Structures are given as structure tokens and as C-alpha cells.
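Visitor: I would like to go through this model and hear the reasoning behind each label. Could we take the terms one at a time?

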Amino acid sequence: MTAPSPAPKLPASLAANPRLSSWVRFTSVGRVAISPGKVEIGQGIVTALAQIAADELDVEISRIEMIRASTATSPNEGVTSGSLSIQQSGRALRHACAEVRERFLAAASERLGVDASLLGVEDGTIMGPGNVRTSYWELADDVSLNHDAAAGASAKTVARRTVAGRSMQRVDIPDKVFARPRFLHDHALPRLVHGRILRPDVSGAKLIALDEAAARAAPGLIAVVCDGGFAGVVADSEAAAEAALKALRKGATWSAGEPLPNENDLAGFLRGQPVESTVIDTRAAPASGKAARTLRRRYTRPYIAHASIAPSCAMAQWNSDHVHVWTHSQGVYLLRADLAIVLELPAENIVVEHMEGAGCYGHNAADDVALDAVLLAKAVGGRPVRVQWSRHDEMSHAPFGAAMAIEIEADLDPDNEIIGWRHAIWSNGHTARPGRATQPALLAASEIANPYPRMISTNPPTANGGGGDRNSVPLYDFPAWTITSHRLLTMPVRTSALRTLGAQGNVFAIETLLDEIAALRGEDPIAFRLRHLRDERACEVIRAAARRAGWKPAKQSGIGHGVGFARYKNTGAYCAVIAEIEGAEDIRVKRLTLAVDVGEAINPDGVINQIEGGAIQATSWVLKERVRFDRTRITSTSWTDYPILTFTEVPAVDVEIIQRPEIEPVGAGEAAHGPVTAAIANAVHDCLGVRVRDLPITRDRIIAAMELAS
């Protein structure tokens, strides 16, 4: 007897926010308002979600109006992170729109006297035999969407989709091209005033005294705000606020700071701290042979800044005991939760509304500056306050991506085949986002008169992709392994989520050691990988990238080629990369050829955009980016001290999508970073004959590796 099919379930985001009207509304002007809980941070998500909605509702995409996320009206979809927007919001929206369409067809059937199965929808007009017709908008008053979604709605089959799966121009780009005020930084509310925050140059220093007289004499000053160790100014213009802050700084007295690690021995620092150790995964070999040799290799990644092109910004306005916040936070509900703790207000008294800002793909200072604006706005009698951090603030006080030390031991048999694998990670936790704990994670919360302790960063559970351990479990079919993560319980350098979390470091380590072992065997590195992979989708992206790049080109002096591969989180997008580099005075990445499999690519052009952007960012990380500090302060506080890849240094990026419309889509935003990092490192070895295991791969690191090898 066949077992009954499991009952259908709602997608997770829709199950958490089942009211249909919170996702879809029909307006009186022939438009459709779509209100997801995920936010646009430059990844093109509003376009892909609009495509899904247009497809399921059978309307032109030009009718879709994407509503910015707000705690006042939007579904609570947590945080926009982890390349999960399509998986979570896209699936929820596809199901919700399918059910809305069914409800309207049922209402049209009743009004027109035609069986629903005989009705169709074309650009919102519902039509049937005999040219009978109505529309979503004519029926909008009769069809209530104030109902919870049901699990039985059927979305369109792949064959019937006409919008999803096609490349579309991004709906957010015209405003940006024509300089219409879409970004928070450009938005001005009536009666707007400007704030700036006083913070120390020395790491961990506390404000112990403040002489406000000079600041209060500054022209245009409206208020000096001081709450314990939190201090700032509000003025009638940005220039006045800057001048007042400069005067306030002269009268400030600070405590001694906290010592920072030795930047030139990060591995020693990370390995020497108290840690919480977790065995992530183990696999025992059925019959373990004796190792003929063991390769022991250490890899490091520095602290990395988000380096957003524009510093973080927020606006806040009080009305009695209610406050409205405009922010480019990636999690408006989570930010609201932390604000409620700090302000000792009910959450319903706080509205947090998203506006686009400078994208960062991680936890930069967007949430911190929101609390700064709220605290300053309390002092100005209901006027909105706009606070923008300086570049120095951003590069000193925003959270960084965590530094990592990774050690791998590979046991090899007499033929240099892998028979055992041990992978250990030492790293700060990779997330301290707001709204995840009983204490707030916001910077000013640790500075006010009744301060909260600074949160020690944690790691997401392995089942959710992990943090420092992300992508540390090999996708390759090794006979035995042990993967261990050591999370630091101290945090002299503030860390939180940065794009990919620990995946970049782990993929770099795994893939470069695999190349080294393949070389020991005299085996082509692509053939070596394919021989250890059982997942055909993984094999196909590697073959596709190799085919597209013409692997392996004839050897040329000064040119190197390398390969890298990963499946993001081991559950998301597959990505393989062939890097071509030139090794002259410095390493220059000439070309990156990538193949990617995200399942159904909703907007193929958008997927390519994300892979290109990730590849370029990873190139910048690999060649240039490193937070610099001495024992007292962060020193990389400008573009001079924290260089990023320039336009003239951007490689040619060629992307092939393996379209699989029958497979549920996953995100593309973080798939490229690890493989690109490994491919560049392997290409450096192909070019120069040395393995650089410490990022970034600079001239000094190459010379050090050459000296070590000689």
C-alpha cells in the first residue's frame, strides 16, 4: 500500500506572515502593490520579486509597485542576508500571489456566471467565453485579502511562466541613473536638522568628561546631547554640525583604551584566546590505512571592512512617546527590537522604515547610526534628525568581518591520495546583529549612562549555514574527516556579519590545499576535483567553467591560471571559477570565468550581476583589503590606508548560468567569493611557483612565501 502524500505546507516566510493583504494589494489606479519583508541593498531583489509577482498574477511588470519594508505594514521576514531572499521571500510571494489569483478568479466566476476553469487573466483583465470580462481592480472591493494563506494554492508550472526566467531591466536603476532621490542619504524631511556623534580615536576608550562651552557657542547649534558616555550635537546644517562636533571634541577627556592584538601575528592572537570549541562534523573511514605522510598547512584571513562607498546614515523623528526611524538596516524588525530595549518602549511605539543606502552585504553601521539618530532626535522637540557617520567613523567603529586562522591536516597514502582530513578554525564569531538576544547589539547602547555590555559575536547554527565554520565541511568525497570550530570569547576588534561569513576563508583553505595535493600527484586539478565529487551539479559547473575558459591554456611566462569551486553553505548555489592572473610587480587579475547553478534563475541578468559583483569584491579582498591597526587604534580609516580595487584594476568577468527552472531557486549573492579567492591563489602558484596562504596576496606576502620556500 502506498503511503499517503504529505500534506502541503506553506513556505516558511508565508507561514510566519500568513495574511495575504500584507503581501499583495490592488490599488485604484490599475497598479499592484507588493510588500515583501526583504530589502533592496543593491542585489536587485525588488526586480526578481516583482517578476515572480507579475508571473503569478498575470500582470505586466510595469504595474508592480514594490513597497519598501516597514515595521508598520510589511511582513516580518527577519533579516535580508545569507543569499536567502529568493528562497524565503520569493517562495512566499509566489504562493501568496497564486492564491490571490485563485480568489479573484473565483469571484469573477461568480460575477460573470462562467466556470473559473474557463477564465484567463491578461495584464490584470479577467476574460472568458463570449468576451465577458472584469479585472482585479473592478473586483478589489469584493475580494477581501484579509485572510490567511491556505496551503493548497498551486503556483504556475515552469512551462507557464512567462516573466520569471527571463532577463529584465532592474526596476531600481532608473532612479539611480537619473539621480532621483532614492537613497536615504539624499532624502530630506521638512524641518530636517543634522546630527553628528562624538566617538574616541583610541579603541575601547570611554568618555569621562566633556566641556560643552565651545560647542554651545558654535553658530547654528541646536543642542548638545550627553547621556553617560554617549555624546553628540544637533545643528541646522551639516557644516554647522561638523563645526560643533570639532569644538566638542576639543573639550573631551577619555579613559585609556583597550589593547588591540598584534596585527602581524593574527594567527597567534586567535589561537591564544579563550574559545568555545565545537566539533562541526566527523566522518570515520570504514578501514583506515596508515598515512604515508601528513600535510599540515595554516591559512589566515585578516579583519575586513565593509568599506561601503557612502558612510552609514539614518533619520529619526519623535512624536510624543512614538518614534519613526528611516534606515538602510538589513533587518527592520530586528533593529526595532533592539531600539525597544534601549528606549524602554513597547515595540509598537517604534516604526522602522527601510530606505536604500550604500550597500554593504553584511552588518555595517546602518543599525548603529539609527540608534544615534533616535537619541539625538529626543532633544529637538519633534524635528527630524539626520545623522551621517564620517568615513573615519565607519572605518573605526563599524563591525568588521572576522579574522580567521585555519589549519588543515591531510593524511595521504603512498600514492598521495587523501585518506584523512582535519580542519580547524579559530575566529571571532561572525554575527552580532541586532534583535537576536536579550541585550542590544547597537554601539550607543554600550555608551549611554546605563550601558549594556558589548555583545561578543556568535556563530549561526551549522544547520543555518554556520558562521566561522561555513563551508568548512568538504563537499568532496574524502573517506574521513573531523571539522572543529573554535569561537573566540574575547573581542577587542568588533566583528559581525560580512558577506559569506566564514565561507571565503574556508573555501580558500580547502581549495588551495586540494591544488597542492593534485600537484603532488601530477594530476590536473580539475580532473582531481571531479574524481572526488559525486554531485553531478557540482561536476557540471566545474566542467562548464573549464570549457568556457578553454582549460588549460598553454603556459605563458608571467601568466597563471587557477581553479576554485564551492557550493555556498553546501546547500545553496554552485559556483566554479577559472582565474587568469598576471604576475609582474604586483598580481593583476586579468580574467575570471565563472559557471553558476542557482536552480531556477528568476532574472538571469540579475544573477550575472550578483556573480560579477561578488567576483570583483572577492578580487579586492584577495589582493588589497586588510584592516590595519596598532596596539591602540584602528589606523586604516581612509581609502589611502584601506585601498580597494579601482576601476582600472577590475578584471574581465565572464559568467555562464546553468539554468535549471525545475529546481527551486537559491541566492547568488555570496556564491562567488570563496571560489574566486581560491582560483586567484591557485593561479598565483601556477604563475610564480609559490603558495601564499595568508590573505591578502600582496607583494610582501609573495616575497615572504618565496623566502620560506627557498
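Visitor: What is the bridge partner of Ser277 in S20?

Guide: His486 is the partner of Ser277. This is a predicted model. The bridge belongs to a set of eight that join strand S12 (residues 275-283) to S20.

Visitor: What makes S12 and S20 a pair?

Guide: Pairing takes at least two bridges between two strands. S12 and S20 have eight, and they run antiparallel. Therefore they count as paired.

Visitor: In which sense do S19 and S20 pair?

Guide: Strand S19 (residues 418-427) and S20 pair in the parallel sense. They do so over six bridges, against the required minimum of two. Arg422 stands opposite Thr482 in S20.

Visitor: Why is S20 called mostly covered?

Guide: Buried means under 20% relative accessible area. In S20 (residues 481-488), seven of the eight residues are buried.

Visitor: On to the sheet of S1, S2 and S3. Which are its edge strands?

Guide: The sheet is open, has three strands in the order S1-S2-S3, and its pairing is mixed. Strand S1 (24-26) and strand S3 (64-66) each pair on one side only, and these are the edges. From one strand to the next, the twist averages 25°.

Visitor: How do you know that S2 pairs with S3?

Guide: Count the bridges. Strand S2 (residues 32-34) is joined to S3 by three, and at least two are needed. The two strands run parallel. Ala33 has Glu65 in S3 as its bridge partner.

Visitor: Which helices lie across these strands?

Guide: Helix H2 (residues 45-57) lies across S1, S2 and S3, at about 145° to S3. Helix H3 (residues 85-112) lies across S1 and S2, at about 40° to S1.

Visitor: How do you know that the length of H3 agrees with 1.5 Å a residue?

Guide: H3 has 28 residues, so the expected span is 40 Å. Its end C-alpha atoms are 38 Å apart, which agrees. H3 is also mostly covered, with 20 of its 28 residues buried. Gly113 follows H3, and its phi is positive, near 70°.

Visitor: What about the span of H9?

Guide: Helix H9 (residues 332-343) has twelve residues. From first C-alpha to last it reaches 16 Å, close to the 16 Å expected. After H9 comes Glu344, with a positive phi near 55°.

Visitor: What makes H9 mostly covered?

Guide: Ten of its twelve residues are buried, and buried means under 20% relative accessible area. Among them are Tyr333, Arg336, Asp338 and Leu343. The cover includes strand S14 (313-319), strand S15 (322-327), strand S16 (350-354) and helix H10 (366-377).

Visitor: One last pair of helices. At what angle do H15 and H16 pack?

Guide: Helix H15 (residues 604-623) and helix H16 (residues 673-688) pack at about 50°, with their axes 8 Å apart.

Visitor: Why is H15 called oblique to H16?

Guide: Roughly parallel means under 35 degrees, and roughly perpendicular runs from 65 to 115. The angle here is about 50°. That fits neither class, so H15 is oblique to H16.

Visitor: Which hand does the crossing have, and which residues meet?

Guide: The crossing of H15 and H16 is right-handed. The H15 residues in contact include Gly614, Ala618, Trp621 and Leu623. From H16, His673, Val676, Thr677 and Ile680 meet H15.

Technical notes: Residues are numbered from 1 along each chain as its sequence is written. This is a predicted model: local features need pLDDT of at least 70, side-chain atom pairs count only at pLDDT 80 or more; totals for chains, interfaces and linings use all residues. Side-chain values use heavy atoms; hydrogens and water are left out. Helices (H or I, at least four residues) and strands (E, at least two) are DSSP runs, numbered from the N terminus. The expected span of a helix is 1.5 Å times one less than its number of residues. Buried means under 20% relative accessible area, exposed over 50%, partly exposed in between (1.4 Å probe, protein chains only). Contact means heavy atoms within 4.5 Å. Axes are lines fitted to C-alpha atoms, for helices over the stretch in contact, and angles run from 0 to 180 degrees between N-to-C directions. Angles under 35 degrees count as roughly parallel, over 145 as roughly antiparallel, 65 to 115 as roughly perpendicular and the rest as oblique. A crossing is left-handed if the near helix is turned anticlockwise from the far one by less than a right angle, and right-handed if clockwise.
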